[in-house]
Amino acid sequence: MVKTFSTKMDARVVRLLDEFCKNHHLKKSSLVEEIIKEGIRQREETMMLAESIRLGLGQEREGNLYTSGEVEDLVFGKKKAR
């Protein structure tokens with residue numbers, strides 16, 4: 001199923017899109033779809049990273065983080081030789 005999406009764009013943006021598609025022999029609708037999908041993917045990735053940082057900062061404030069020595073003990077079973 002295909003739905004129609006309508007939005008207003010600045011005339012300069014439309015001209016740039018027209019020129020780009022003409023120069024590279026691309027279909028505008030396909031290019032816009034690809035750009036939107038990539039933008040959504042990047043936004044989702046950014047939001048996930050921000051949430052991870054927020055959780056980490058909360059854990060740091062609460063003192064729920066391991067020290068580097070504790071991580072080495074957990075991962076390697078003993079501290080690495082120095």
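What follows is a walk through the salt bridges of this predicted model and its nonpolar surface patch. Residues are numbered from 1 along each chain as its sequence is written. Because the model is predicted, local features need pLDDT of at least 70 and side-chain atom pairs count only at pLDDT 80 or more, while totals for chains, interfaces and linings use all residues; side-chain values use heavy atoms, with hydrogens and water left out.

Five salt bridges are found in the whole structure, a salt bridge being a side-chain nitrogen of Lys or Arg within 4 Å of a carboxyl oxygen of Asp or Glu. One of them joins Asp-18 to Lys-28 at 2.7 Å, N to O, and this pair links distant parts of the chain, with Asp-18 in helix H1 and Lys-28 in helix H2, ten residues apart (helices are DSSP runs of H or I, at least four residues, numbered from the N terminus).

Within helix H2, Lys-37 forms a salt bridge with Glu-33, their closest N and O atoms lying 3.1 Å apart. Lys-37 is exposed, at 53% relative accessible area, whereas Glu-33 is partly exposed, at 43% (buried means under 20%, exposed over 50% and partly exposed in between, with a 1.4 Å probe and protein chains only). Arg-41 and Glu-38, three residues apart in helix H2, also form a salt bridge, with the closest N and O atoms 2.6 Å apart, and a network of salt bridges links Glu-38, Arg-41 and Glu-45.

Turning to the surface, Tyr-66, Val-71, Leu-74, Val-75 and Phe-76 make a nonpolar patch of about 560 Å², where patches are made of residues with over 30% relative accessible area and no salt bridge, like charges being joined within 9 Å and nonpolar side chains (Val, Leu, Ile, Met, Phe, Trp, Tyr) within 5 Å; areas come from the Shrake-Rupley method with a 1.4 Å probe, and for residues only the protein chains shown count as cover. Leu-74 is found in helix H3, residues 68-76, and is exposed, with a relative accessible area of 58%.

Methods:
Helices (H or I, at least four residues) and strands (E, at least two) are DSSP runs, numbered from the N terminus.
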